[in-house]
Amino acid sequence: MRKILIGALIAALVTTSAEAARGDEELSIMAAQQRRIDEANVTVRDEIETFEVEKPEDEVTPEVEVTPEVEVTPEVEVTPEVEVTPEVEVTPEVEVTRPPIEAELKESVGLPSPIVMYSNFEEAARKVGYIPLYIPRKSGYAVNYIAVINENIVEIRYGRRWEPTVTLAVRTYKRQVGEELKDISGVYGVKWKIDLSSGTRIYMARVSDKSNVAAWAVGQYTFAALTENLSFAAFHSLIVEELVDICNHYFIEI
């Protein structure tokens, strides 16, 4: 009996030891597994913590050429420059070749001065009852104006055909029997000079730098001529060699 009990005790101890050993072994196995799990966790965690993740390159915006801001001046309405002429008292130009005003004619002829224009030479001649002095076209002048002043003075104006700025005005007046010579030029305030180169007494004067006047008489007729834009030498030649020469042949008393 005692042996049985001792055997049972030993068997129990052995069983207990075996179970304990198995238990220890199981614990050891569990501990080892836990350690492996912990190590695995640590390794994964460390790799996560230490692994350098390749970060995507930042998106680079292409460089854009930026035009610097320019200060723009607003458009301003510009008023065109106007040439301003200073106020000057201007004396109106006097057309020297025009028929004189009524006061001038009244002073020189002593009568009113109605001016009547005519379309042709014949009508004017019939009005005054005589043939006025006329310069032919071959002299280079063309008629552009015919008028009768005070019903007895004929004025004929000409323009030079190849030089329109040159003008000539010729006046003719037939005096009554016993009537004194009168100036019919309509020009006043000039200094007259006498020219006798043609054998006829011719009164000549400068009106301005561009104008010259002449007056003379043949028989019962009184004449006057005024030029514009003609030199004095050309004016003198025109009066002496053409106009006065014509008068000395066609207006003499027989």
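Me: How many bridges join β6 to strand β7, and in which sense do the two run?
Reply: Four bridges join β6 to β7 (residues 211-218), and the strands run antiparallel. This is a predicted model, so read every value as computed from it. The link between β6 and β7 is a hairpin through four residues. For the register, take M204, which stands opposite A214 in β7.

Me: What does M204 face on the β5 side?
Reply: K193 stands opposite M204. Strand β5 (residues 193-195) is joined to β6 (residues 202-206) by three bridges, again antiparallel. Six residues lie between the strands in this hairpin. Among them look at G199, whose phi is positive, near 90°.

Me: Now the pairing of β3. Which strand pairs with β3, and over how many bridges?
Reply: Strand β4 (residues 163-174) does, antiparallel, over eight bridges. The hairpin between β3 and β4 has two residues. Y158 stands opposite L168 in β4, which fixes the register.

Me: Where do I go from β4?
Reply: To β8. β4 and β8 also pair in the antiparallel sense, over eight bridges. The bridge partner of Y173 in β8 is T222.

Me: How should I think about side chains along a strand?
Reply: In a regular strand the side chains alternate between the two faces of the sheet. Take T222, which is found in strand β8 (residues 221-228).

Me: Is T222 buried or exposed?
Reply: T222 counts as buried because its relative accessibility is 5%, and the cut-off is under 20%. Its side chain makes a polar contact of 3.1 Å with the side chain of R175. Beyond four places in sequence, T222 is in contact with residues including R171, T172, L181, I184 and W216.

Me: Let us turn to a helix. How do I read which side is buried?
Reply: An α-helix has 3.6 residues a turn, so residues three or four places apart point the same way. In α3, the residues A124, A125 and V128 are buried. They sit on the same side of α3, because they cover an arc of only 100° around the axis.

Me: What covers the buried residues of α3?
Reply: The cover includes β2 (141-149) and β3 (153-160).

Me: What happens at the ends of α3?
Reply: At the start, a side-chain oxygen of N120 reaches to within 3.2 Å of the backbone nitrogen of E122. Just after α3, G129 takes a positive phi of about 85°.

Me: Where is S119 placed?
Reply: S119 is in the loop between β1 (115-117) and α3 (121-128). S119 is exposed because its relative accessible area is 65%, and the cut-off is over 50%. Its side chain makes a polar contact with the side chain of N120, at 3.4 Å. A polar contact with the side chain of E123 is also at 3.4 Å. Look further along the chain too: the C-alpha atoms of S119 and A147 are separated by 8.6 Å, with the two residues 28 apart in sequence.

Me: How do I judge a positive phi outside glycine?
Reply: Most residues other than glycine have a negative phi, and most peptide bonds are trans. N150 has a positive phi, near 60°. E151 has a positive phi of about 70°, although it is not a glycine.

Me: Where is N150, and is N150 buried or exposed?
Reply: N150 is in the loop between β2 and β3. N150 counts as buried, at 9% relative accessibility. E151 is in the loop between β2 and β3 as well. E151 is exposed, with a relative accessible area of 52%.

Me: How far should I trust the coordinates?
Reply: Where pLDDT is low, the predicted coordinates should not be read in detail. The protein chain averages a pLDDT of 75, and 56% of the residues score at least 70. Among the elements, β8 has the highest mean pLDDT (98) and helix α2 (residues 102-108) the lowest (42).

Me: Over which residues does pLDDT stay under 50?
Reply: One stretch is residues 42-56, for which the model has one contact beyond four places in sequence. Another is residues 82-111, for which the model has 41 contacts beyond four places in sequence.

Key
Residues numbered from 1 in each chain as written. Predicted model: local features only at pLDDT ≥ 70, side-chain atom pairs only at ≥ 80, totals over all residues. Heavy atoms only, no water. Buried < 20%, exposed > 50% of the residue type's maximum accessible area, 1.4 Å probe, protein only. Polar contact = N/O pair within 3.5 Å; in protein donor to acceptor, adjacent residues only side chain to side chain. Pairing = 2+ DSSP bridges. Arc of directions from axis to C-beta. Contact = heavy atoms within 4.5 Å. pLDDT = per-residue confidence, 0-100.
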